[in-house]
Amino acid sequence: MKVVTVSNIKGGSAKSTTAIHLSESLSRRGKTLVIDMDMQADLTDFFLPNLSPDSIEDKNIMTLLLGKSSVSEVIIPGKGIDIIPSTLTLSKLVRIASDSFFLSQQLKKALESVKSKYEYVVIDTPGSAKYELTSALYVAQLVLIPVTPSKWAIRAVNLLLDEIAQTESLFSAKKKSAFLPCLFGASKKHRDILERLKTIEEIPTLNEIPKSESIKTKTEKNEFLKKGSNPWHAFDILADEVIKLIDPESIFPFSG
Ligand SMILES: Nc1ncnc2c1ncn2[C@@H]1O[C@H](COP(=O)(O)OP(=O)(O)OP(=O)(O)O)[C@@H](O)[C@H]1O
Ligand SMILES: [Mg+2]
């Protein structure tokens with residue numbers, strides 16, 4: 001099983017879009033589980049558009065993290081990909097839990113118990129540093145960091161790298177990371193940001209996901225990308241890059 005956490009502390013940096021279409025291209029290579037760890041529940045809406053919030057009130061990512069539900073109770077099959085749904089009440093997690101350690105251990109235990117069932121796990125995270133982010137970073141073998149062209153891009157990336165370093169020292173587990181440029185144009189301003197990103201040591205910058213109206217509209221309509229289209233190919237290449245980046249020796253569960 002290979003676990004990819006999609007993260008960037010900056011809001012609106014294409015995390016959910018990346019998690020959705022990467023999950024789809026990974027699911028063509030092996031059974032995939034998607035975990036929605038953002039209270040905005042964009043992935044839950046995409047994969048389970050007809051879900052009634054009442055039906056998951058006591059079976060969702062929050063109840064899993066708190067040890068109140070087992071992993072088999074919270075997984076729902078959706079669009080060929082299984083999903084652990086999120087809920088607005090995740091916003092209360094920081095008040096209910098005293099720290100992220102227990103939650104991280106619960107998530108690790110949950111993934112260990114399904115490791116023979118899934119080839120890939122993709123986790124979407126919130127655009128801020130919260131306990132759920134720490135837990136999602138903790139279980140990741142690869143932290144995929146989508147970066148969009150804004151004047152805050154490099155600062156936001158550095159904040160996330162700090163967060164990853166803290167998680168590594170907290171749990172003594174080393175993480176692999178990669179940048180995924182999204183929505184970059186040809187302007188000098190955009191290319192300069194990209195060049196600065198590439199100077200950050202030890203973290204590879206992957207092939208760009210282009211700005212595309214069809215990525216935006218298809219995602220909003222809860223549809224997958226058209227097979228063979230340019231955006232579809234971009235995520236297909238991304239799936240191969242992601243698989244290659246995760247060391248085949250680093251089999252889940254990792255030590256730590
Ligand atoms: N490659 C792309 N081409 C065009 N639009 C895109 C692309 N990637 C993302 N977008 C659009 O950018 C916006 C932000 O994307 P998304 O919701 O995935 O970001 P996010 O990081 O998950 O945001 P949040 O922090 O709020 O969770 C959305 O409107 C999405 O449709
Ligand atoms: Mg999102």
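Student: How far apart do the end C-alpha atoms of residues 1-168 lie, and what percentage of the span is helix and what percentage strand?

Tutor: An annotated span can be read through the distance between its ends and its secondary-structure content. In this predicted model, the end C-alpha atoms of residues 1-168 lie 20 Å apart, and the span is 42% helix and 17% strand. The span itself comes from UniProt, where an unreviewed entry lists residues 1-168 as "domain: AAA".

Student: Which residues are the closest to ligand 1, and how many residues surround it?

Tutor: A shell is read by its members, their character and the elements that supply them. Here 16 residues surround ligand 1, and the closest are Ser13, Ser16, Thr17, Pro210 and Lys216. By character, the shell divides into 5 nonpolar, 7 polar and 4 charged residues. Helix H1 (15-27) and helix H10 (213-220) each supply at least two of these residues, with the largest share, 3 residues, coming from H1.

Student: Which side chains have an N or O atom 2.5 Å or 2.9 Å from an oxygen atom of ligand 1?

Tutor: Polar contacts are read atom by atom, keeping backbone and side chain apart. The side chain of Thr17 places an N or O atom 2.5 Å from an oxygen atom of ligand 1, while for the side chain of Lys15 the corresponding distance is 2.9 Å. At Ser13, by contrast, a polar backbone atom is 2.8 Å from an oxygen atom of the ligand. Taken alone, ligand 1 exposes 630 Å², of which the protein buries 82%.

Student: Where does ligand 1 sit?

Tutor: Ligand 1 sits in the largest pocket.

How values were computed:
Residues numbered from 1 in each chain as written. Chains lettered and ligands numbered in written order. Predicted model: local features only at pLDDT ≥ 70, side-chain atom pairs only at ≥ 80, totals over all residues. Heavy atoms only, no water. UniProt positions renumbered as here; feature names shortened; annotations may be inferred. Helix = DSSP H or I, 4+ residues; strand = E, 2+ residues; numbered from the N terminus. Near = heavy atom within 4 Å. Polar contact = N/O pair within 3.5 Å; in protein donor to acceptor, adjacent residues only side chain to side chain. Areas by Shrake-Rupley, 256 points an atom, 1.4 Å probe, with all protein chains shown as cover. 1 Å grid on protein atoms, 1.4 Å probe; cavity = no way out; pocket = protein on both sides within 12 Å on 5 of 7 lines; lining within 4 Å. Sits in = over half its atoms within 2 Å of the grid points. Nonpolar A, V, L, I, M, F, W, Y, C, P; charged D, E, K, R; others polar.
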